[in-house]
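Please work through the exercises below with the sequence and the 3D structure at hand, and try each task before reading its solution.

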Amino acid sequence: MPHITGSRLRVRYAETDQMGMVYYANYLIWMEVGRSDFCRECGFSYRDLEQEEQAFLAVAEAACRYIAPARYDDEILVETEITRVKSRIVEFSYRIKRGSTLLAEGRTVHVVIGTDGRPHAMPDRYLELLKERL
């Protein structure tokens with residue numbers, strides 16, 4: 001059974017557009033919140049990976065399918081799961097919900113890079129922590 005992390009947040013007024021709906025790019029920000037929480041539940045933070053190993057998870061691909069709008073003050077749940085882990089690639093998928101209503105689905109693909117900006121292998125410790133959640 002895959003491990004799913006749930007991140008709760010409330011829509012801020014600044015996240016809405018002129019029509020009173022959440023501006024589309026904010027869903028990608030919420031995915032980042034979910035991804036960061038997922039990694040913390042795995043036993044590390046992005047900061048640990050960057051500072052201890054000089055390894056960075058660069059976004060190589062991002063997709064989001066919008067199903068229903070979120071509005072100011074809605075309580076949102078971002079469900080995050082890891083769907084692929086290789087030595088240099090990590091993929092996450094997301095479901096963004098308000099109660100039982102699915103608002104959006106998305107995924108991000110990340111390439112592990114070093115300070116030189118070139119692809120590197122994920123350090124073993126972090127690779128194993130992520131693989132445990134598949």
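**Exercise 1: an accessible tyrosine**

Classify Y24 as buried, partly exposed or exposed.

Solution. Y24 has a relative accessibility of 48% and therefore counts as partly exposed, where buried means under 20% relative accessible area, exposed over 50%, and partly exposed in between (1.4 Å probe, protein chains only). Y24 lies in the loop between β1 (4-10) and α1 (25-42); helices (H or I, at least four residues) and strands (E, at least two) are DSSP runs, numbered from the N terminus.

The model is predicted, with local features needing pLDDT of at least 70 and side-chain atom pairs counting only at pLDDT 80 or more, while totals for chains, interfaces and linings use all residues. Residues are numbered from 1 along each chain as its sequence is written, and side-chain values use heavy atoms, with hydrogens and water left out.

**Exercise 2: a pair across two strands**

Find which parts of the chain the salt bridge between E105 and R65 ties together.

Solution. The closest N and O atoms of E105 and R65 are 3.0 Å apart, and a salt bridge is a side-chain nitrogen of Lys or Arg within 4 Å of a carboxyl oxygen of Asp or Glu. E105 belongs to strand β5 (residues 101-113) and R65 to strand β2 (residues 56-66), so the pair ties together parts that are 40 residues apart in sequence.

**Exercise 3: a buried pair**

Determine whether E79 and K97 are buried or exposed.

Solution. E79 and K97 form a salt bridge, their closest N and O atoms being 3.4 Å apart, and both residues are buried.
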